[in-house]
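Subject: Structure handover

Hello,

Here is the structure you asked about, with the sequence alongside. My notes on what was found in it follow below.

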Amino acid sequence: MHDGAFSVATAAVDLDDKVVIDAGAGSGKVALEAVRHARHVFAVEPVARLREFMRDRAAASAITNLFVLDGTLDAIPLPTDTADVLLTCRAIGWRLEEELVEIERVVRAGGVALHLGHPHPPPDESHLHQRLIEVGYSIVTYPEGQEQRTSYRKRI
């Protein structure tokens, strides 16, 4: 994730001393930024090589508050009401209905779900865009490099 997207995340939600889930963590760009602010970060990623890469980077930087887990956004291997914040960066929409249920399950009441990195303007015909708006997400746009991006934010 580029600096613009992470700045949007920190402007949209306070990560200080929070429990954060980075779902669909990939190589860990979001998670490795979030650990500087959060109490604990759970990086959920289905690809073993990417999980290994994140663990290696965390170990090389002596990061002790990052926990890398095998899972997907529709099957997060954490208990109900675990997180204050759930972040994704271009990682929602593979199994949208199941993902929405899982987000509501793992984010505590009063917590925030934030989905970063989507095209701007969002295509009105996009099922993802329409469904997120239907279930109460608001839109924030931000610069990412030479482009504009859309994020979706919801207080649970």
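Helix H5 lies across strands S5, S6 and S7, and its direction makes about 35° with that of S7. Please keep in mind throughout that this is a predicted model.

H5 spans residues 127-134, and within this stretch Leu-128, His-129 and Leu-132 are buried. These three cover an arc of only 100° around the helix axis, so they sit on the same side of H5. His-127 and Glu-134, on the other side of H5, are exposed. The cover over the buried residues includes helix H4 (96-106), strand S5 (107-119), S6 and S7.

Both ends of H5 have a detail to look at. At the start, a side-chain oxygen of Ser-126 comes to within 3.3 Å of the backbone nitrogen of Leu-128. After the helix comes Gly-136, with a positive phi near 100°.

H4 and H5 also meet each other. Their axes come within 11 Å and cross at roughly 35°, and the crossing is right-handed. From H4, the residues making the contact are Leu-96, Glu-97 and Leu-100; from H5, they are His-127, Leu-128, Arg-131 and Leu-132. Two of the residues just named, Leu-128 and Leu-132, are among the buried ones of H5, while His-127 is exposed.

Next, the sheet. In what order do the strands of the open sheet run? The order is S3-S2-S1-S4-S5-S7-S6, with 7 strands and mixed pairing. S3 and S6 are the edge strands, each pairing on one side only. On average, neighbouring strands are turned by 20° against each other, direction ignored. H4 packs on this sheet and touches S1, S4, S5 and S7, with its direction at about 140° to that of S5.

As background, the strands of a sheet pair through backbone hydrogen bonds, either parallel or antiparallel. Both senses can be seen here:

- S1 and S2 (residues 40-44) pair in the parallel sense over 5 bridges. Ala-23 has Val-44 in S2 as its bridge partner.
- S6 (residues 138-144) and S7 (residues 147-155) pair in the antiparallel sense over 7 bridges. Thr-141 has Thr-150 in S7 as its bridge partner.

S6 and S7 form a hairpin with 2 residues between the strands, and in this hairpin Gly-145 takes a positive phi near 65°.

Two single residues in the sheet are worth opening in the viewer.

The first is Thr-88, in strand S4 (residues 83-89). Is Thr-88 buried or exposed? Thr-88 counts as buried because its relative accessibility is 1%, and the cut-off for buried is under 20%. Its side chain makes a polar contact of 2.7 Å with the side chain of His-115. Leaving aside neighbours within four places in sequence, Thr-88 is in contact with Ala-23, Leu-73, Leu-114, His-115 and Leu-116. Ala-23 in this list is the residue whose bridge partner in S2 is Val-44.

The second is Phe-67, in strand S3, which is one of the edge strands. Its relative accessible area is 33%, so Phe-67 is partly exposed. Not counting residues up to four places away in sequence, Phe-67 touches His-40, Val-41, Phe-42 and Ala-43. For Ala-43, the C-alpha atom is separated from that of Phe-67 by 6.1 Å, although the two residues are 24 apart along the chain.

Last, the loops. Which residues other than glycine have a positive phi? Asp-17 is one of them, with phi near 60°. Asp-17 is placed in the loop between helix H1 (3-12) and strand S1 (19-23). Ala-62 is also not a glycine, and has a positive phi of about 55°. The loop that holds Ala-62 runs between helix H3 (48-60) and strand S3 (66-69). Ala-62 counts as exposed because its relative accessibility is 62%, and exposed means over 50%.

If you have time for one view, start with H5 lying across S5, S6 and S7, and then turn to Thr-88 and its polar contact with His-115.

Regards

Conventions: Residues numbered from 1 in each chain as written. Predicted model: local features only at pLDDT ≥ 70, side-chain atom pairs only at ≥ 80, totals over all residues. Heavy atoms only, no water. Pairing = 2+ DSSP bridges. Helix = DSSP H or I, 4+ residues; strand = E, 2+ residues; numbered from the N terminus. Buried < 20%, exposed > 50% of the residue type's maximum accessible area, 1.4 Å probe, protein only. Arc of directions from axis to C-beta. Contact = heavy atoms within 4.5 Å. Polar contact = N/O pair within 3.5 Å; in protein donor to acceptor, adjacent residues only side chain to side chain. Axes fitted to C-alpha atoms, helices over the stretch in contact; angles between N-to-C directions. Left-handed = near helix turned anticlockwise from the far one by under 90°.
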